[in-house]
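Subject: Structure handover

Hello,

Here is the structure for you to load. My notes on it follow below.

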Amino acid sequence: MACAQTGSGKTAAFLLPILQQLMADGVAASRFSEIQEPEAVIVAPTRELINQIFLEARKFAFGTCVRPVVVYGGVSTQHQIREISRGCNVLCGTPGRLLDVIERGKVGLSKVRYLVLDEADRMLDMGFEPDMRRLVASPGMPSKESRQTLMFSATYPEDIQRMAADFLKTDYLFLAVGVVGGACSDVEQTLMQVTKFSKREQLLDLLRTTGTSLASSSNLDREQRERELALADFRSGKCPILVATSVAARGLDIPDVQHVVNFDLPNNIDEYVHRIGRTGRCGNTGRAVSFYDPDTDNQLARALVTILSQAQQEVPSWLEEGAFSGHGSSSFSTPRHKTFASTDSRKVTACLVCISDVFLCAFCGSQTVLCPQGQHPGSFQDNAVKNQPPAPAAADEEDWE
Ligand SMILES: Nc1ncnc2c1ncn2[C@@H]1O[C@H](COP(=O)(O)OP(=O)(O)OP(=O)(O)O)[C@@H](O)[C@H]1O
Ligand SMILES: [Mg+2]
């Protein structure tokens, strides 16, 4: 179970060791077999994200005998099944379509050595948990003790961590780089107090000052083809503004995104962390501007204060007042200025990352099996503070995939 801030390179952190190991073991795709038996299965919550992961895997595996394939909803199943039958070592999929190809008998699971859940907390929340349980209970899937299950995210609410243990080996490692659930420190966060009537004009002002004019939209009412086209136009710079629902909140890695605007704030702080993490990636800086309407967003006030202060961002005085006046977040009792970010719920004291057999301490950087410094300040040992309660499922839950 690994946690590192948005844009820090978690995709390569699981793809490279898996591909390297498969190559070292001489794995090669068996062409034109009716049933394919991949060695690795990777799942992610949205079509756009799984496609991005697949493209990374294909890039890293280029010129080798290891063949990645992707399956996701909204496009022809037959085409994807044909792709699988041409050979499949690394199967990337969104849960629904993945289960579909497995249940049609096109994919056997008995050779699975690696099962990766990207955006793992999302994959195990109310929306996807049943699918994940179905996946690990599918015929042929090796038991959790005989496969390696890997989970990656920038956020891990504690309740999800506890559930994750059902999928991981008993003695799994919890690796945290930085503050679990913390916002990327390269993003400059600004909150603007607005009313629902002034938002539109304020957005237009903001766009005027950033000098952008074209927009493309990617939302769930659109056909998959249109969604992908919108994203491609944004990636290429043809459309410099992408208007998106939460479907674009997690994982998408688009170079040169300078601004994220939260026109409506999400109702969950983890989602905020993921959304603003679409900018300021890979060591670049970025800006996130969020419209805060006290009538609707007060329940997020305390969590925002914590996130902003952890990332050394300026906390507006009106936000602090809202957070600690007794009106905001009454159901959520985080002490002022204390982190509520989740920690390893088992209080593990070692911090390890394995990259091609080299163990690196995530905090002091030493190459070791166990970090000699033991507990690191600001790391994940403080288990006293609770994460915020789980947010209700999004209204568009069933459309996420
Ligand atoms: N070692 C590296 N050197 C330079 N760039 C890297 C390195 N590792 C990853 N990157 C790049 O960093 C960017 C962010 O990586 P990635 O999408 O894997 O982040 P992430 O941690 O998964 O973020 P998120 O939590 O938003 O999903 C990608 O463009 C990736 O190619
Ligand atoms: Mg990612």
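Two strands count as paired if DSSP finds at least two bridges between them. By that rule, strand 5 and strand 6 (residues 148-153) are paired, in the parallel sense, over five bridges. Keep in mind that this is a predicted model.

**The sheet**

Seven strands make up an open sheet with parallel pairing. The order is 3-4-2-5-6-1-7. Strand 3 (68-71) and strand 7 (175-176) are the edge strands. Each has a single partner strand, so one side of each has no neighbour in the sheet.

Here are some pairings you can check by eye. Strand 2 (residues 40-43) runs parallel to strand 5, with four bridges. There, Ala-40 stands opposite Tyr-114 of strand 5. On the pairing of strand 5 with strand 6, Leu-115 has Thr-149 as its bridge partner. Strand 1 (residues 2-3) also pairs with strand 6 in the parallel sense, over two bridges. In that pairing, Cys-3 is bridged to Ser-153 of strand 6.

Why is strand 5 (residues 114-118) largely enclosed by the rest of the structure? Four of its five residues are buried, so the rest of the structure largely encloses it.

**Two positive phi values**

Glu-119 sits in the loop between strand 5 and helix 5 (120-123). Its phi is near 55°, a positive value in a residue other than glycine. Gln-312 also has phi near 55°, and it is not a glycine either. Its loop lies between helix 12 (301-310) and helix 13 (317-324).

Which of these is buried, and which exposed? The cut-offs are 20 or more other C-beta atoms within 10 Å for buried, and 12 or fewer for exposed. Glu-119 has 24 C-beta neighbours inside 10 Å, so Glu-119 counts as buried. Gln-312 has 7 other C-beta atoms within 10 Å, so Gln-312 is exposed.

**Helices**

Ala-13 belongs to helix 1 (residues 10-24). Ala-13 has 18 C-beta neighbours inside 10 Å, so Ala-13 counts as partly exposed. Ala-13 and Phe-152 are 139 residues apart in sequence. In space, their C-alpha atoms are 9.3 Å apart.

Helix 8 (residues 199-210) has 12 residues. From first C-alpha to last, helix 8 reaches 16 Å, close to the 16 Å expected at 1.5 Å a residue. How many of its 12 residues are buried? The count is zero, and helix 8 is hardly covered.

**Ligand 1**

For your setup, ligand 1 is surrounded by 14 residues. The closest are Gly-9, Lys-10, Thr-11, Asp-253 and Cys-282. By type, the shell divides into four nonpolar, seven polar and three charged residues. Domain 1 (2-177) and domain 2 (187-332) each supply at least three residues to the shell around ligand 1.

**A record to look at**

In UniProt, an unreviewed entry lists residues 1-29 as "signal peptide". In the model, that span is 52% helix and 7% strand. The end C-alpha atoms of residues 1-29 lie 28 Å apart.

Best regards

How values were computed:
Residues numbered from 1 in each chain as written. Chains lettered and ligands numbered in written order. Predicted model: local features only at pLDDT ≥ 70, side-chain atom pairs only at ≥ 80, totals over all residues. Expected span 1.5 Å × (residues − 1). Near = placed C-beta within 6 Å. Nonpolar A, V, L, I, M, F, W, Y, C, P; charged D, E, K, R; others polar. Domains from an automatic or database assignment. UniProt positions renumbered as here; feature names shortened; annotations may be inferred.
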